[in-house]
Amino acid sequence: DNMKRMSTTATTTSNASNGAVTLPLTSLPKANVRRIMKLNDQVSNISAESLSATTKAAELFLAHFASSAYQVAAQNNRKTIKVDDLLLVIKSDQHKYEFLNTAFGR
């Protein structure tokens, strides 16, 4: 299962001011995540640890979102995720995915 594989990937240890922090290795390009984080004008500095944590959180979110959309597709006897599947996932849990409504024009 992809969700399990992503959550059990190797980790790296970083020395933070308050002790060692274990950070998961990530697949998304950190430069892209940094650029997205900086879309907020209030964000000026991003530590390496927070970038790694945000990158991993984004990967986990995308894996969960895709898994939920795949379940919708599978219920409709398809292996391909369509936009309608994503919309059904968003609609099925409005509280969790409320922030996506504007992105999808809802």
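What percentage of the 106 residues of the protein count as buried?

1. The figure is 23% of the 106 residues. The model is predicted, and the points below should be read with that in mind.

2. Overall composition. The protein contains five helices and two strands. Taken along the sequence, these elements come in the order α-β-β-α-α-α-α.

3. Helix 3. This helix covers residues 48–75, 28 residues in total. From its first C-alpha to its last it reaches 41 Å, close to the 40 Å expected at 1.5 Å a residue. Beyond the helix comes Asn77, whose phi is positive, near 55°.

4. Buried positions of helix 3. The buried residues of this helix include the apolar side chains Leu51, Ala63, Phe65, Ala69, Val72 and Ala73. The list also takes in Ser52, Thr55 and Ser68, together with Lys56 and Glu59. The last two, Lys56 and Glu59, return in point 7 as salt-bridge partners.

5. Packing of helix 3 against helix 4. Two packed helices are described by the angle between their axes and the distance between the axes. Here, the axes of helix 3 and helix 4 (residues 83–92) come within 8 Å and cross at roughly 110°. An angle of 65 to 115 degrees counts as roughly perpendicular, and helix 3 and helix 4 are therefore described in that way. The crossing of helix 3 and helix 4 is right-handed.

6. Aromatic contacts. There are four aromatic pairs in the model. One of them joins Phe61 and Phe99, with 6.0 Å between ring centres and 50° between the planes, a tilted arrangement. Phe61 belongs to helix 3 and Phe99 to the segment after helix 5 (94–97), so the pair ties together parts that are 38 residues apart in sequence. As to solvent, Phe61 is partly exposed, with a relative accessible area of 29%, whereas Phe99 is exposed at 52%. Phe61 and Phe99 belong to one aromatic cluster with Phe65 and Tyr97. Within that cluster, Phe65 is listed among the buried residues of helix 3.

7. Salt bridge inside helix 3. How many salt bridges does the model hold? The count is three. One of them joins the side chains of Lys56 and Glu59, at 3.7 Å from N to O. Lys56 and Glu59 are three residues apart in helix 3, so about one helical turn separates them. Are Lys56 and Glu59 buried or exposed? Lys56 is buried, with a relative accessible area of 7%, and Glu59 is buried as well, with 4%. The cut-off for buried is under 20% relative accessible area.

8. Salt bridge between Arg78 and Asp85. The closest N and O atoms of Arg78 and Asp85 are 2.7 Å apart. Arg78 counts as partly exposed, at 23% relative accessibility, while Asp85 is buried, with a relative accessible area of 1%. Asp85 falls within the residue range of helix 4, 83–92.

9. Salt bridge between Asp93 and Lys96. For Asp93 and Lys96, the closest N and O atoms are 4.0 Å apart. Asp93 is partly exposed, with a relative accessible area of 25%. Lys96 is also partly exposed, with 40%. Lys96 lies in the residue range given for helix 5, 94–97.

Terms used
Residues numbered from 1 in each chain as written. Predicted model: local features only at pLDDT ≥ 70, side-chain atom pairs only at ≥ 80, totals over all residues. Heavy atoms only, no water. Helix = DSSP H or I, 4+ residues; strand = E, 2+ residues; numbered from the N terminus. Expected span 1.5 Å × (residues − 1). Buried < 20%, exposed > 50% of the residue type's maximum accessible area, 1.4 Å probe, protein only. Phe/Tyr/Trp six-rings, centres within 6.5 Å; stacked < 30°, edge-to-face > 60°. Axes fitted to C-alpha atoms, helices over the stretch in contact; angles between N-to-C directions. Parallel < 35°, antiparallel > 145°, perpendicular 65-115°, else oblique. Left-handed = near helix turned anticlockwise from the far one by under 90°.
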